[in-house]
Amino acid sequence: ELRAKLGLKPLNVVTPAEKAARAKAEKDKREAAVEAAAKEAENAEVRDRLAKMKKKRLLNKKIKGKSLGQSLSKATGGSAADWVRRSRKIEKAKEAADRYAELDAEEEAAEYTEKDL
């Protein structure tokens, strides 16, 4: 009354019922935000799992058929140890051919002919 007589607007007096209603509304808003965040996290997890499964499915689709090891074992007829033996044998043959070529070159250079007289 005194404020009204002075020409001032009345104070905002909050009743306990209004206070409880505001607190309940705030609490409900926070709970809804927490639920929404949890749901979004779950949705993101599901999306990630689906993306991984799709990627795996596409990779398996690309890889369909025999693997490199399977196709080589049929083509070469053996295991990795057999392949190592064959590759070493081939390498020794190459080294021997290089040595013989070197010796032939030395022999040709070392021949004694009329030109040397």
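Glu40 has a relative accessible area of 43% and is therefore partly exposed, falling between the 20% limit for buried residues and the 50% limit for exposed ones. In this predicted model, the side chain of Glu40 meets that of Arg47 in a salt bridge, with 3.1 Å from N to O. Arg47 is likewise partly exposed, because its relative accessibility is 46%.

A search of the whole structure returns three salt bridges, and the remaining pairs can be taken in turn. The side chains of Lys24 and Asp28 form one of them, at an N to O distance of 3.6 Å. These two residues lie in helix H2, and because they are four residues apart there, about one helical turn separates them. An α-helix has 3.6 residues a turn, so residues three or four places apart point the same way. Lys24 counts as exposed because its relative accessibility reaches 54%, over the 50% cut-off. Asp28, at 36%, counts as partly exposed.

Glu26 and Arg30 also meet through their side chains in a salt bridge, again with 3.6 Å from N to O. This pair too belongs to helix H2, where a spacing of four residues means that Glu26 and Arg30 are about one helical turn apart. Both Glu26 and Arg30 are exposed. As a general point, side chains of opposite charge can pair when their charged atoms come close.

Turning to the overall architecture, the secondary structure of the protein consists of four helices and zero strands, which gives the order α-α-α-α from the N terminus on. Helix H1 covers residues 2-6 and helix H2 covers residues 16-62, with Leu8 placed in the loop between them. Helix H3 takes in residues 68-76, and helix H4 takes in residues 80-110.

Is the span of helix H4 what its number of residues should give, or not? At 1.5 Å a residue, the 31 residues of H4 should span 45 Å, and the C-alpha atoms at its ends are indeed 45 Å apart, so the two values agree. Helix H4 is also hardly covered, since the count of buried residues among its 31 residues is zero.

The protein as a whole gives a matching figure for burial: 0% of its 117 residues count as buried. Its accessible surface comes to about 11700 Å², and carbon and sulfur atoms account for 58% of that area. On this surface, Leu2, Leu6 and Leu8 make up a nonpolar patch, with about 340 Å² of accessible area together. Leu8, the member found in the loop between H1 and H2, counts as partly exposed because its relative accessibility is 43%.

Confidence in the model deserves a word as well. The mean pLDDT of the protein is 86, and 90% of the residues score at least 70. Helix H2 has the highest confidence, at 94, whereas helix H3 has the lowest, at a mean of 68. Where pLDDT is low, the predicted coordinates should not be read in detail.

Methods:
Residues are numbered from 1 along each chain as its sequence is written. This is a predicted model: local features need pLDDT of at least 70, side-chain atom pairs count only at pLDDT 80 or more; totals for chains, interfaces and linings use all residues. Side-chain values use heavy atoms; hydrogens and water are left out. The expected span of a helix is 1.5 Å times one less than its number of residues. Buried means under 20% relative accessible area, exposed over 50%, partly exposed in between (1.4 Å probe, protein chains only). Patches are made of residues with over 30% relative accessible area and no salt bridge: like charges are joined within 9 Å, nonpolar side chains (Val, Leu, Ile, Met, Phe, Trp, Tyr) within 5 Å. Accessible areas come from the Shrake-Rupley method with a 1.4 Å probe; for residues, only the protein chains shown count as cover. A salt bridge is a side-chain nitrogen of Lys or Arg within 4 Å of a carboxyl oxygen of Asp or Glu. pLDDT is the predictor's confidence in each residue, from 0 to 100.
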